[in-house]
Amino acid sequence: ELHTRWGVGAAECDNGVMMFLSVGDRWVYISTGKGSRDALPDSAVLEVISEMRPLLRSGNLTEAVLSGVEDIGTHLRQREQREGIPKWLLYGSLLLLATVALLLALTRVVSACRKR
């Protein structure tokens, strides 16, 4: 529901991708719109999360999120090469994911500063 409410991706294509990370709950979830599920089926999402796990376990949150964003981008680029998805759409989705990664990194820095 949050995916839809925030309007991730192009509405007419329902092609958004959103990554949720809850450090305290040790939980990662990647939500995909119907239009992006061809490029990111459940098996690919599980693969992305599996690649992130070792980094998350070692406390490298920023690196874990960036790894996830890069892996998602790789899957989307592979689809673009197969189907010719417009580059603006691909890069817009990657920009959104990178923004989420940056916000997570900033949250961690602020949190660390408050603990001092």
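This passage walks through the fold, the largest pocket and a few individual residues of a predicted model.

Starting with the overall layout, the protein chain has four helices and two strands. Read from the N terminus, these elements come in the order α-β-β-α-α-α. The chain has 116 residues, and 38% of them count as buried. On the outside, about 7500 Å² is exposed, with carbon and sulfur atoms supplying 55% of that area. As for how the chain meets itself, take the contacts with a separation of 6 or more: 44% of them join residues 24 or more positions apart.

Next comes the largest pocket, which has a volume of about 260 Å³. Three elements, β1, β2 and α2 (42–57), each put at least two residues into its lining. The largest share belongs to α2, with four residues. The lining mixes residue types: among them are Leu21, Val23, Trp27, Val28, Ile49, Leu56 and Leu61, along with Ser22 and the arginines Arg26, Arg53 and Arg57.

Arg26 deserves a closer look, since this pocket-lining residue also has an unusual backbone. Most residues other than glycine have a negative phi. Arg26, however, has a positive phi, near 55°. Its place is the loop that runs between β1 (17–22) and β2 (27–32). Is Arg26 buried or exposed? Its relative accessibility is 74%, so Arg26 counts as exposed. Arg26 thus combines a loop position with a spot in the lining of the largest pocket.

His75 offers a contrasting case. This histidine sits in helix α3 (residues 61–83), and His75 counts as buried because its relative accessible area is 15%, under the 20% cut-off. What does His75 touch once its neighbours within four places in sequence are set aside? The answer is a set of five residues, namely Ala39, Leu40, Ala44, Glu47 and Val48. Of these contacts, Ala44, Glu47 and Val48 fall within the residue range of α2 (42–57), the helix that gives the largest pocket the largest share of its lining.

Back on the surface, there is a nonpolar patch as well. Leu102, Leu103 and Leu106 make up this patch, which covers about 290 Å². Leu103, one of the three leucines, belongs to helix α4, spanning residues 87–115.

Terms used
Residues are numbered from 1 along each chain as its sequence is written. This is a predicted model: local features need pLDDT of at least 70, side-chain atom pairs count only at pLDDT 80 or more; totals for chains, interfaces and linings use all residues. Side-chain values use heavy atoms; hydrogens and water are left out. Buried means under 20% relative accessible area, exposed over 50%, partly exposed in between (1.4 Å probe, protein chains only). Patches are made of residues with over 30% relative accessible area and no salt bridge: like charges are joined within 9 Å, nonpolar side chains (Val, Leu, Ile, Met, Phe, Trp, Tyr) within 5 Å. Accessible areas come from the Shrake-Rupley method with a 1.4 Å probe; for residues, only the protein chains shown count as cover. A salt bridge is a side-chain nitrogen of Lys or Arg within 4 Å of a carboxyl oxygen of Asp or Glu. Contact means heavy atoms within 4.5 Å. On a 1 Å grid over the protein atoms alone, a cavity is a set of points where a 1.4 Å probe fits but cannot get out, and a pocket is an open set with protein on both sides within 12 Å along at least five of seven lines; lining residues have an atom within 4 Å of a point. Grid points are joined across faces, edges and corners, and a volume is the space filled by probe spheres set on the points.
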